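Ready for some practice in reading a protein structure? Take a look at the sequence and the model, then work through the exercises below.

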Amino acid sequence: MVNLLMLSAGLTNILGISLFSKLFTNKNLSKFDSLFDLRGNILILLWGLTYIFTTKTYNNPIMLVFFAEKLVYVINYIISFIKKSKKIKSFWKNDKLTFLFLNLYGIIDLVFGIIFVVLFFKKQNNNLL
């Protein structure tokens, strides 16, 4: 089950950023937020690979790093909604893919962030028993 969750987190990053960045050509994402420029998209892809390659180490404190990384995106998501909600809504007419991404990425990152931290602490508690 843990391997499946880690694989899902990795594939969500890899396939998600590949799709929503339109294979790294979506200028709307980088104009909206520099976090999603080409370099940011590559880093998201690399984080996805990292999740996949660390499926066997979910009891490692690296899971807390994964949680912190997801938290950065969740905070960015919340700030974007507060400051740029009109701009996000404007994508609905011309770029539904960008609209969907900007509405979903924070929620998805929150879910996987919680999964990472729960897996870590669950394993720590099992080790104590």
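**Exercise 1: The lining of the largest pocket**

Task: Sort the lining residues of the largest pocket by class, and find where they come from.

Solution: Start with the classes: this predicted model has 10 nonpolar, three polar and three charged residues in the lining of its largest pocket. The lining has 16 residues in total, and Thr12, Asn13, Phe101, Tyr105 and Asp109 are the ones nearest the pocket's centre. Next, look at the helices. At least two lining residues come from each of helix 1 (2–20), helix 4 (62–94) and helix 5 (96–128). Helix 5 gives the largest share, with six residues. Finally, the space in this pocket is about 220 Å³.

**Exercise 2: Two residues, two settings**

Task: Decide whether leucine 11 is buried, partly exposed or exposed, and do likewise for glycine 40.

Solution: Take leucine 11 to begin with; this residue sits in helix 1. Its relative accessible area is 35%. Buried needs a value under 20% and exposed one over 50%, so leucine 11 is partly exposed. Leucine 11 also belongs to a nonpolar surface patch of about 520 Å², together with Met1, Leu4, Leu7 and Leu15.

Now turn to glycine 40, which is part of helix 3 (residues 38–53). Glycine 40 is buried because its relative accessible area is 8%, and the cut-off for buried is under 20%.

**Exercise 3: Along the chain and through space**

Task: Find how many Å separate the C-alpha atoms of glycine 40 and isoleucine 17.

Solution: Along the chain, the two residues are 23 residues apart. In space, their C-alpha atoms are separated by 9.8 Å.

Definitions and conventions
Residues are numbered from 1 along each chain as its sequence is written. This is a predicted model: local features need pLDDT of at least 70, side-chain atom pairs count only at pLDDT 80 or more; totals for chains, interfaces and linings use all residues. Side-chain values use heavy atoms; hydrogens and water are left out. On a 1 Å grid over the protein atoms alone, a cavity is a set of points where a 1.4 Å probe fits but cannot get out, and a pocket is an open set with protein on both sides within 12 Å along at least five of seven lines; lining residues have an atom within 4 Å of a point. Grid points are joined across faces, edges and corners, and a volume is the space filled by probe spheres set on the points. Helices (H or I, at least four residues) and strands (E, at least two) are DSSP runs, numbered from the N terminus. Ala, Val, Leu, Ile, Met, Phe, Trp, Tyr, Cys and Pro count as nonpolar, Asp, Glu, Lys and Arg as charged, and the others, Gly among them, as polar. Patches are made of residues with over 30% relative accessible area and no salt bridge: like charges are joined within 9 Å, nonpolar side chains (Val, Leu, Ile, Met, Phe, Trp, Tyr) within 5 Å. Accessible areas come from the Shrake-Rupley method with a 1.4 Å probe; for residues, only the protein chains shown count as cover. A salt bridge is a side-chain nitrogen of Lys or Arg within 4 Å of a carboxyl oxygen of Asp or Glu. Buried means under 20% relative accessible area, exposed over 50%, partly exposed in between (1.4 Å probe, protein chains only).
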